[in-house]
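Biologist: Could you take me through one part of this model at close range, beginning with a single pair of residues and working outward from there? I would like the neighbouring elements and the unusual backbone spots to be treated with the same care.

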Amino acid sequence: MKLKKLAAAFTAATMCFAIMTACGDSDNSSETDSTEATESEAEVEEKEEVNMEIRDISSWELVQEMTIGWNLGNTMDATGNSTLDAETSWQSDKTSEAMIELLADTGFNVFRVPVSWGEHMDEDYNVDEEWMARVHEIVDYGIDNGMFVILNTHHEEWYFPTEENKEQDIEQLTALWSQIAEEFKGYDEHLIFEGLNEPRCRETAIEWTGGDDESRAIVAEYAEAFYNTVRNSGGNNAKRHLMLTGYAASSSRNCLEEVWLPEDDDKVIVSVHAYLPYSLALDTAGTSEWDENNTSEIDNLFINLDELFLQNEIPVIIGEFGTVNKDNLEDRIACAEYYVSKGTEYGVPMVWWDNNAVVGSGENFGLMDRSIVPEWRFQELVDALIESAPKV
């Protein structure tokens, strides 16, 4: 990937030289022809397909190579804006490769890229080319820095798991993942697809309570449609590692029991979100104190994951976790040390939710200052995450 960037830079320099030469010569037809040829070469270079060799390993083996991860939250997942400006509509910083270099240099090797696609699709479900290109650029930041990159569909307000909506939802989901799979079909095992984020019946009584039999079953159908679309899309996608999500990505046992999994495919991973213990981690009106004698929520989560998946060598990634900032750094550190150490014990990689929010009364999970020269805001907390994570 680095070589490709250098080649593009060389081509651009060649174009500039040709144009400058033409400006000083009244008979510039040959230089113009040369410039047009160079521009054509640049277009070919830009459209050149990536064709990496992908290792034929199981997802169980893959996750053993992961340390700890970080989410690019409130960025490409922002909604309410159908242009490229969506990237900075929920927070002010455009994503830079320097940010991902900081991640890698610190010891993170999982980079989750949440992306909301719905407002960047036309009525025929075609994804805007500029939006796809920007997502591609950010994915490459991770790949070029040796990261495992998780690419998903995030705040998709067009799917709603009921019988009434199911058919159209699956049609759009299939169209979307067909395009994403085609775009990245040449990437190796470092790029992981996550079909759905937190599929649920939004703004209903069952939104965050585990759904019901119907909604959980329909979410399973969504997962199967995603799986079949990607697996049959060609290129390296036959061996692509895929993350499959249950209702709301919930950590409750009734939702975990109904996560759809294919038979005889060892390249799938269960996706779970778990902000635990809830009162400390996510409830802004809850406690700000870590109680080392009350770890039952975390302990029970891993007991369930072990019984349902891990004992059968079905890997799990906790794709979102974290604790909001309540001016309680020591308590957040203590929670991170216990939670991530438990994940390490069970072989479950964990990915911190960073929404670039630090102050105020909301869900402030920000760890990284994403300014021109990125740096960590809470270095001691970051150190605790790295030290508690697996060493690979």
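**Strand 1 and its neighbours**

Modeller: In strand 8, the residue that serves as bridge partner of Leu72 is Asp354. Before going further I should say that the model is predicted, and that local features were accepted only at pLDDT of at least 70 and side-chain atom pairs only at pLDDT 80 or more, while totals for chains, interfaces and linings use all residues. Numbering starts from 1 along each chain as its sequence is written, and side-chain values rest on heavy atoms, with hydrogens and water left out.

Leu72 belongs to strand 1, which covers residues 69-72; strands (E, at least two residues) and helices (H or I, at least four) are DSSP runs numbered from the N terminus. Along strand 1 the residues alternate in direction, with Gly69 and Asn71 pointing one way and Trp70 and Leu72 the other way. Residues on both of these sides are buried, a word that stands for under 20% relative accessible area, against over 50% for exposed and the range in between for partly exposed (1.4 Å probe, protein chains only).

Strand 1 is joined to two other strands. Four bridges link strand 1 to strand 8 (residues 350-354), and the two run parallel. Three bridges link strand 1 to strand 2 (residues 110-113), again in parallel. Two strands are taken to pair if DSSP finds at least two bridges between them. On the side of strand 2, the residue that stands opposite Gly69 is Val110.

The connection from strand 1 to strand 2 includes a helix, since strand 1, helix 4 (residues 97-106) and strand 2 together make a β-α-β unit that is right-handed; that is, with the strands pointing away from the viewer, the path from the first strand over the helix to the second runs clockwise. Within helix 4 the buried residues are Glu97, Met99, Ile100, Leu102 and Leu103. After helix 4 comes Gly107, whose phi is positive, near 125°.

Between strand 1 and helix 4 there is a loop, and Asn74 lies in that loop. Asn74 counts as buried because its relative accessibility is 17%. Asn74 and Ser89 are 15 residues apart in sequence, and their C-alpha atoms are 8.4 Å apart in space.

Turning to the other partner, strand 8 is mostly covered, since five of its five residues are buried. Met350, Trp352 and Asp354 lie on one side of strand 8, Val351 and Trp353 lie on the other, and both faces are covered. Asp354, the residue with which this account began, is therefore a buried residue set across from Leu72, on the same side of strand 8 as Met350 and Trp352.

Strand 8 is also joined to strand 7 (residues 316-321), in this case by two bridges, and once more the strands run parallel. In this pairing Phe321 has Trp352 of strand 8 as its bridge partner. The chain crosses from strand 7 to strand 8 through helix 11, and this β-α-β crossover is right-handed. Strand 8 thus has bridges to strand 1 and to strand 7.

Just past strand 8 the backbone deserves a look. Asn356 is found in the loop between strand 8 and strand 9 (368-369). The phi of Asn356 is near 60°, which is a positive value in a residue other than glycine. Most residues other than glycine have a negative phi, and most peptide bonds are trans. Asn356 is also counted as buried, because its relative accessibility is 13%.

Two further backbone spots can be set beside Asn356. Ala249, in the loop between strand 5 (242-245) and helix 8 (253-256), has a positive phi of about 55° although it is not a glycine. Ala249 counts as buried because its relative accessibility is 2%. The other spot concerns a peptide bond: Leu276 and Pro277 are joined in the cis form, with omega about -15°, and Pro277 lies in the loop between strand 6 (268-273) and helix 9 (278-281).
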